[in-house]
Amino acid sequence: MRVSFKLHEYKLRIKYILTMIINPNKLISDSKEISNHNEQFDHLANRLSKQNIEVKPLLDKLAAFQVAIPSWALGAGGTRFGRYSYFGEPATLEQKLEDVGVLHSLTKTAGAVSLHIPWDIPEDYKAIKELAQQLDLKFDAVNSNTFQDAAGAKHSYKFGSLSNTSKDARQQAIAHNKEVIQIGEKLGSKSITVWLADGSSFPGQHNFQTALSHTQDSLKEIYKSLGEDWKLFIEYKPYEPYFYSTVIQDWGTSLMLANECGEKAYTLVDLGHHLPNTNIEQIVSTLMFKGKLGGFHFNDSKYGDDDITVGSIKPYALFLIFNELVYGMANNPQNPELSWMIDASHNLKDPLEDLIQSLESIQITYAKALLVDQERLKQAQQHHDVSLCQEILQEAYLTDVRPLVRQARVQSNAPIDPLKTYRNLGVREELIKERGKNTVATGL
Ligand code: RM4
Ligand code: MN
Ligand code: MN
């Protein structure tokens, strides 16, 4: 049951959250922490200036890097065997925005939210937009969902949605995506992400060509509804929920479909959607070279789409991927600005703590990639100095950039240590007091 939305109550609550978090006395850590930070930052800034690296542009880039939080990441996720509640979960879209507002106040790098439809259909658009504005949040890509049957749906997606052999099921899935675009338009979103679960679990179940051709036609149909300044992001994934074949299994298939649709269609890379050991950095590089990388989902993976905290399993791989992203952002004007999103859902950690850690890890890795001496690397590559190439990457990777990340945050009026602040303020305890223990967030 959705709780009805009373704006004045939320305003009070936000005011409370914001004063709680933004109050500099509470926020800005104790004087010892500040002096430690200043010392470490000066030390690093000094070292970088000796390497002729300007610190100010680095800080500006870090402060400008904003990552969207998906509306389904704020509650406890489940596994296919069960779901354990995390107390004080947001029960409504308004409460989810409020949680993202908390994250953004603490980190100043989570200035957007990505809605999943139908999990989070706004009831009162004006009020929701006003709320987002107060929390300094934008609406990033909207996500459609044809991997579950909506309540009361006429046609089932059990055997596929955009690829289904049944025309009625396909039409229903197309109509849903069109509706998602309309919802996004009302919120000020500029893109839709389509992740298709469609696939087969048994050899012979699908005619591959038929499934692909239906998918292509359906996507083209959805594409027709895109506004002038809108983008369509096509996600890929090799397996799961089906285990023999997935219709859009890899970046090549996604790129082919995007090209088929037109210039407003792009590939979306989700880090967890690759088979182990895939060279994701090369995929990123190829797509940016072709001007076709539109969106990017952060998480980490040990085996598959594990949705583990980004940077917690393969930090060096993440650095190499960021290195290509940074290179592409500097050298590929043909590629649009990317839509960044954290795509992870947890069942063990406090979701807000996990998101704080994710944002931190993204900033740290981005900062390291920004330190790569691209000029020297180019020279070393030219001279086939393989050892030096590796040294240059390692030099950047092994630099402890945390003082830079902290400084960028402090300059945006956020705390030195967001996780510690979150705990010290007792945010979760406050949320439990307000929302109760047994709320359940919509989502996975
Ligand atoms: C999928 C995919 C999509 C996300 C859903 C919830 O595995 O990563 O991006 O919308 O999960
Ligand atoms: Mn994803
Ligand atoms: Mn995924």
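**Notes on the predicted model**

1. Let's start with a residue in a loop: Glu240 sits between strand 7 and strand 8. Keep in mind that this is a predicted model. Glu240 has a phi near 80 degrees, a positive value in a residue other than glycine. As for its surroundings, Glu240 counts as partly exposed, at 31% relative accessibility.

2. Stay in that loop for a moment. The peptide bond running from Glu240 to Pro241 is cis, and its omega is near 10 degrees. Pro241 is found in the loop between strand 7 and strand 8 (245-246). So when you look at Glu240, you have a positive phi and then a cis bond leading into Pro241.

3. There is a cis bond elsewhere in the chain too: the one from Ile117 to Pro118, with omega near 15 degrees. Pro118 is in a loop as well, between strand 2 (112-114) and helix 6 (125-134).

4. Now step back to the whole chain. What does its secondary structure come to? You will find 17 helices and eleven strands. The C-alpha trace spans about 65 × 65 × 40 Å along its principal axes. A compact globule of 444 residues would have a radius of gyration near 22 Å, and the chain's own value of 22 Å agrees with that.

5. How much of the chain is buried? Buried residues make up 55% of the 444. The contacts reach far along the sequence: take those between residues at least 6 apart, and 81% of them join residues at least 24 apart.

6. On the outside, the accessible surface comes to about 20,600 Å², and carbon and sulfur atoms account for 52% of it. As for charge, there are 47 positive and 54 negative side chains, and the centres of these two sets lie 3 Å apart.

7. Next, the metal. Which residues coordinate the manganese ion (ligand 3)? They are His273, through NE2, and Asp305, through OD, at 2.2 to 2.4 Å. His273 comes from the loop between strand 9 (265-270) and helix 10 (280-289), while Asp305 comes from the loop between strand 10 (293-298) and helix 11 (315-331), so the pair ties together parts that are 32 residues apart in sequence. The manganese ion (ligand 2) is 4.0 Å from the manganese ion (ligand 3).

8. Compare how the two coordinating residues are covered. His273 is buried, with a relative accessible area of 4%. Asp305 is partly exposed, and its relative accessible area is 22%.

9. While you are in the loop between strand 10 and helix 11, look at Asp307, which is found there. Asp307 has a positive phi of about 55 degrees, although it is not a glycine. Buried or exposed? Asp307 counts as buried, at 12% relative accessibility.

10. Helix 9 (residues 251-261) is worth a look for its packing. Its buried residues are Thr253, Ser254, Leu255, Leu257, Ala258 and Cys261. What do they pack against? The partners are helix 8 (208-223), strand 7 (231-235), strand 9 and helix 10. After helix 9 comes Gly262, which has a positive phi, near 145 degrees.

11. Ile192 belongs to strand 5 (residues 191-194). This residue is buried, with a relative accessible area of 0%. Leaving aside residues up to four places away in sequence, Ile192 touches Val142, Ser144, Asn177, Val180, Ile181, Leu226, Trp230, Lys231, Leu232 and Phe233. For a sense of distance, Ile192 and Gly75 are 117 residues apart in sequence, and their C-alpha atoms are 22 Å apart in space.

12. Last, try Gln172 in helix 7 (residues 167-187). The relative accessible area of Gln172 is 18%, and the residue is buried, because buried here means under 20%. Which residues does Gln172 touch, not counting those up to four places away in sequence? They are Ala153, Lys154, His155 and Tyr157.

Terms used: Residues numbered from 1 in each chain as written. Chains lettered and ligands numbered in written order. Predicted model: local features only at pLDDT ≥ 70, side-chain atom pairs only at ≥ 80, totals over all residues. Heavy atoms only, no water. Helix = DSSP H or I, 4+ residues; strand = E, 2+ residues; numbered from the N terminus. Rg over C-alpha atoms; globule rule 2.2 N^0.38 Å. Buried < 20%, exposed > 50% of the residue type's maximum accessible area, 1.4 Å probe, protein only. Contact = heavy atoms within 4.5 Å. Areas by Shrake-Rupley, 256 points an atom, 1.4 Å probe, with all protein chains shown as cover. Lys, Arg positive; Asp, Glu negative; His and termini not counted. Charge placed at Lys NZ, Arg CZ, Asp CG, Glu CD. Donors = N, O, S within 2.8 Å, 3.2 Å for Na, K, Ca; no water.
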